[in-house]
Amino acid sequence: MVTVKELIQIESNKPELFQCGSSACAGCASVLALRWALKALGPKTVVVAPASCANVYIGIWPKASSAVPYVNMAFAAGASAASGVVAGYEALGKKDINVLTWAGDGGTVDIGIQALSGAIERSTNFIYACYDNEGYMNTGTQRSSSTMKHTKTTTTPTGKGMHKKDIAQIVAAHDIPYVATCVATDPQEVYTVFSEAKEIQGAKFIHILSPCAPGWRFAASRTTEMGDLAVKTGIFLLWKQVDGELTVNKRTLKYLDKSKRLPVEAYLNEQGRFGSLRKDQIQDLQDWVDRRCDKLARRV
Ligand SMILES: Cc1ncc(C[n+]2csc(CCOP(=O)(O)OP(=O)(O)O)c2C)c(N)n1
Ligand code: SF4
């Protein structure tokens with residue numbers, strides 16, 4: 001893991017590839033993560049962004065925030081378009097270009113999952129990053145299959161009825177060389193996982209929990225706190241699988257012990273999307289977290 005001291009040096013020494021002027025909402029964690037991902041990957045990077053907030057917050061040429069080529073793509077085609085970019089560079093004999101798909105959870109876990117599964121099965125040499133804000137935020141907060149159970153969205157006004165898909169485990173089951181999870185609000189983790197992925201040949205997948213102030217309904221100044229609480233409650237688990245070997249991040253390892261982790265209310269009570277939950281619904285989410293933590297604990 002890159003240290004805070006190193007991160008401060010990287011901040012000033014490495015080129016700024018996500019520049020000011022972005023049209024993201026205040027407190028957007030997704031742009032924070034993209035900025036650090038690009039710091040790690042460097043200028044020889046091409047980004048493919050399927051329909052999402054990422055098409056909007058990048059801005060409009062010639063004033064767009066990205067200092068690297070950035071392809072806005074159809075919703076379902078984040079991974080297939082990246083496959084084409086990779087094949088194009090391979091045909092040209094260019095081996096030092098990083099191809100990054102930067103997709104929301106809707107573009108990954110719902111409509112993009114077929115293209116993703118196909119691209120990683122073909123061992124496409126690219127990084128697929130899913131910034132997971134747990135909903136279709138660009139179009140006004142509709143539920144996705146990555147939305148947590150009991151969340152209120154515009155399409156689930158009384159709360160979603162089922163748990164979120166575990167996309168990182170679904171991808172890990174494809175047995176690709178690198179799968180990692182991180183929270184967008186932690187630059188140390190984001191920078192570290194993208195730096196690691198960059199060095200690996202083949203398909204890499206990074207699942208990034210990305211707090212979204214308007215969609216989750218918390219004050220924009222509290223974005224980092226939300227990412228932190230997701231880890232401390234065990235709602236989001238940090239781990240990586242490199243060449244089939246599972247490692248759990250030190251922070252998550254601590255919170256796999258139930259006596260150390262915070263109850264889910266510490267996270268739920270801070271967000272309007274979980275407003276007016278009944279006791280049994282909170283217990284349902286606590287049971288879900290406990291089950292997932294126990295399962296991970298058994299594997300390590
Ligand atoms: C086939 C298709 N259906 C619907 C849309 C409209 N659309 C654009 S972005 C979007 C939501 C994307 O959600 P997600 O991938 O989670 O990214 P986020 O907006 O949260 O960043 C939708 C439904 C579209 N562009 N194409
Ligand atoms: S809606 Fe959410 S993810 Fe989209 S730009 Fe705003 S804060 Fe970021």
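# A tour from ligand 1 to helix α13

Select ligand 1: it has 16 residues around it, and those that come nearest are Gly106, Gly107, Tyr131, Gly135 and Asn138. The model on screen is a predicted one.

**Ligand 1.** Show the polar contacts of this ligand. An oxygen atom of ligand 1 lies 2.8 Å from a polar backbone atom of Gly106. At Gly107, too, a polar backbone atom is 2.8 Å from an oxygen atom of the ligand. At Tyr131 the partner is in the side chain, where an N or O atom is 2.6 Å from an oxygen atom of ligand 1. On its own, ligand 1 has 580 Å² of accessible area, and the protein covers 71% of that. Colour the shell by class to see seven nonpolar residues, eight polar ones and one charged.

**Ligand 2.** Move to ligand 2 and select its surroundings: Cys25, Cys28, Cys53, Tyr57, Asn133, Met137, Cys212 and Pro214. By class, this shell holds seven nonpolar residues, one polar residue and no charged ones. Cys212, a member of the shell, is buried, because its relative accessibility is 12%.

**Cysteines.** Stay with the sulfur atoms. How many disulfides does a search of the whole structure find? The search finds zero. Take Cys182 as a case: the closest cysteine sulfur to its own is in Cys130, 11 Å away, which is too far for a bond because a disulfide needs the two sulfur atoms within 2.5 Å. Cys182 is also buried, at 0% relative accessibility.

**Backbone between α3 and β2.** Go next to Pro62, in the loop that runs between α3 (53-57) and β2 (70-73). Display the backbone from Trp61 to Pro62: the peptide bond there is cis, and its omega is near 5°. As background, most peptide bonds are trans, and most residues other than glycine have a negative phi.

**Two positive phi values.** Select Glu134, found in the loop between β4 (126-132) and α7 (167-172). Glu134 is not a glycine, yet its phi is positive, at about 60°. Then select Ser276, in the loop between α12 (265-268) and α13. Ser276 is likewise a residue other than glycine with a positive phi, near 55°. Which of these states applies to Glu134, buried or exposed? Glu134 counts as buried, because its relative accessibility is 3% and the cut-off for buried is under 20%. Ser276 counts as exposed, because its relative accessibility is 72% and the cut-off for exposed is over 50%.

**Helix α13.** From Ser276, follow the chain into helix α13 (residues 279-299), where Gln286 has its place. Gln283 is in helix α13 as well. Turn on the surface to check both side chains. Gln286 is buried, at 9% relative accessibility, whereas Gln283 is partly exposed, with a relative accessible area of 42%. What is Gln286 in contact with, leaving aside its neighbours within four places in sequence? The residues to select are Lys258, Pro263 and Val264.

**Last stop.** Draw a C-alpha to C-alpha distance from Gln283 to Gln241: the two are 30 Å apart in space. In sequence, Gln283 and Gln241 are 42 residues apart.

Notes: Residues numbered from 1 in each chain as written. Chains lettered and ligands numbered in written order. Predicted model: local features only at pLDDT ≥ 70, side-chain atom pairs only at ≥ 80, totals over all residues. Heavy atoms only, no water. Near = heavy atom within 4 Å. Polar contact = N/O pair within 3.5 Å; in protein donor to acceptor, adjacent residues only side chain to side chain. Areas by Shrake-Rupley, 256 points an atom, 1.4 Å probe, with all protein chains shown as cover. Nonpolar A, V, L, I, M, F, W, Y, C, P; charged D, E, K, R; others polar. Buried < 20%, exposed > 50% of the residue type's maximum accessible area, 1.4 Å probe, protein only. Helix = DSSP H or I, 4+ residues; strand = E, 2+ residues; numbered from the N terminus. Contact = heavy atoms within 4.5 Å.
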